[in-house]
Amino acid sequence: MSTGVALGRETAMRSGPIDDAFATLARRPDVISFAVGAPDPALLPGELVASLAAAAIAKYGSTALQYGLTQGFPPLLEQARILLSGRGIGCSPERVHIATGGSGALHNICMALLYTGGVVLVETPTYGPAVKVFRSHGALVVEVASDADGILPEALDSALAHHDPAFVYLLPTFQNPTGRTMSAARRARVAEVITRHRALVVEDDVYTDLRYRGEPVPTLWSFAPDRTAYITSLSKTLAPALRIGITVLPDDLLEPVLALKQGIDMQTSAFNQAIAAEFLGTPVGSAHLSLLVESYAAKLNTVVTALGRYLPSGFSWTEPDGGMFVWVEGPADFDADMLVAPALNRGVAFLPGSAFFAAPDAPRNALRLSFATVPEHCIEPGIELLAGLCA
């Protein structure tokens with residue numbers, strides 16, 4: 001085993017900045033937290049889930065409480081197909097798989113494709129916990145240059161020429177951590193590169209329903225359906241605890257993924273899937289999503305306005321069309337990592353941008369702000385506190 005792989009697996013077995021943030025903030029409810037990328041707890045629909053559960057039992061009876069198909073609960077597979085069709089993903093229910101959350105879907109793909117010393121190509125920056133998953137499977141994670149529109153096709157072309165990766169991992173829509181969305185033109189160019197190299201891209205699309213302005217962009221899948229493993233989730237729109245991930249996999253990947261999942265957890269909870277089927281199959285799902293979009297759009301506007309009011313000159317930030325994240329960059333000599341502890345002492349939390357790079361020499365002049373969980377009346381005071389530390 002190479003030193004790089006050994007160090008990667010060792011790193012994956014330790015808690016990271018995001019794990020630590022959840023643990024720390026659980027003990028500090030007084031902190032204004034822009035650190036955790038989770039739904040607003042005030043908008044988690046307890047009464048709605050209870051009513052959906054009752055409806056699921058009434059409709060499906062003991063079937064919802066029994067072992068089920070590894071691929072997924074058939075009524076949810078059909079509702080997922082309808083959901084995907086609305087995103088331009090035309091596929092039969094046979095191509096769809098229900099995983100235990102979006103993270104479970106990614107883990108299943110890694111089990112099927114990764115091996116010690118295998119390579120995964122990622123954009124910069126990228127979702128930190130995904131890097132941890134890849135490294136836990138012994139993979140080498142290689143960064144590919146990116147800009148405000150996402151991964152650079154020329155850089156991806158070069159990386160694919162020098163490596164034989166298991167897959168390329170991308171978050172094209174409302175990316176975590178930057179909030180950026182890849183344009184349709186860039187997606188078409190990326191898909192052409194992927195197809196020409198006969199590579200596989202994993203499209204992580206868990207934030208796509210949280211759009212606050214602008215028009216939807218076609219999925220990467222729609223440009224390269226035979227070269228894309230598509231992942232989405234209900235964690236951001238219904239409830240993370242239900243652990244409902246939805247994937248569309250190429251035919252040659254679906255069979256090994258299902259075989260491996262049988263040895264891990266057999267199937268995702270049929271009861272939770274029945275609740276999800278009711279959520280997607282009735283108007284209450286659309287109504288709840290509209291409530292989320294209205295609330296999060298207002299919070300994002302408050303964040304952006306406060307950043308403009310309080311951050312010192314030399315700082316810039318993204319203004320995403322949706323999702324949960326704003327990416328802030330300071331001058332080259334600004335060190336966000338050194339600000340984490342002082343900020344906590346002052347009662348505000350964030351994640352340093354360095355947590356979202358795979359390379360050990362990650363830039364330290366950026367930070368990620370996650371606004372969904374912050375009560376709206378706390379956003380401006382929190383930004384003001386943080387900005388005062390940046391001065």
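What is the volume of the largest cavity? In this predicted model, the largest cavity comes out at about 40 Å³. A search of the whole structure turns up two cavities of 30 Å³ or more, so let's take them one by one, starting with some background. Rolling a probe the size of a water molecule over the atoms shows where empty space is left.

Around the largest cavity you'll find L307, L311, V328, L367, L369, I383, L386, A387 and C390. Two elements give two or more residues to this lining: strand 15 (366-370) and helix 14 (376-390). Helix 14 provides the largest share, with four residues. As for character, the lining of the largest cavity has nine nonpolar residues, no polar ones and no charged ones.

Now for the second largest cavity, with a volume of about 30 Å³. Its lining is made up of P39, D40, L43, L44, S235, K236, L238, H288, L292 and Y296. Here the split is six nonpolar, two polar and two charged.

Next, have a look at the sheet. Strands of a sheet pair through backbone hydrogen bonds, either parallel or antiparallel. In this structure, seven strands form an open sheet in the order 2-10-9-8-7-3-4, and the pairing is mixed. Strand 2 (96-100) and strand 4 (140-144) sit at the edges, each pairing on one side only. From one strand to the next, the twist averages 25°.

Zoom in on strand 3 (residues 119-123): it runs parallel to strand 4, joined by five bridges. One bridge pairs V119 with L140 in strand 4. Helix 4 (residues 74-85) packs on the sheet and touches strand 2, strand 9 (228-233) and strand 10 (244-248). The direction of helix 4 makes about 110° with that of strand 2.

Key: Residues numbered from 1 in each chain as written. Predicted model: local features only at pLDDT ≥ 70, side-chain atom pairs only at ≥ 80, totals over all residues. Heavy atoms only, no water. 1 Å grid on protein atoms, 1.4 Å probe; cavity = no way out; pocket = protein on both sides within 12 Å on 5 of 7 lines; lining within 4 Å. Points joined across faces, edges and corners; volume = space filled by probe spheres on them. Nonpolar A, V, L, I, M, F, W, Y, C, P; charged D, E, K, R; others polar. Pairing = 2+ DSSP bridges. Axes fitted to C-alpha atoms, helices over the stretch in contact; angles between N-to-C directions. Contact = heavy atoms within 4.5 Å.
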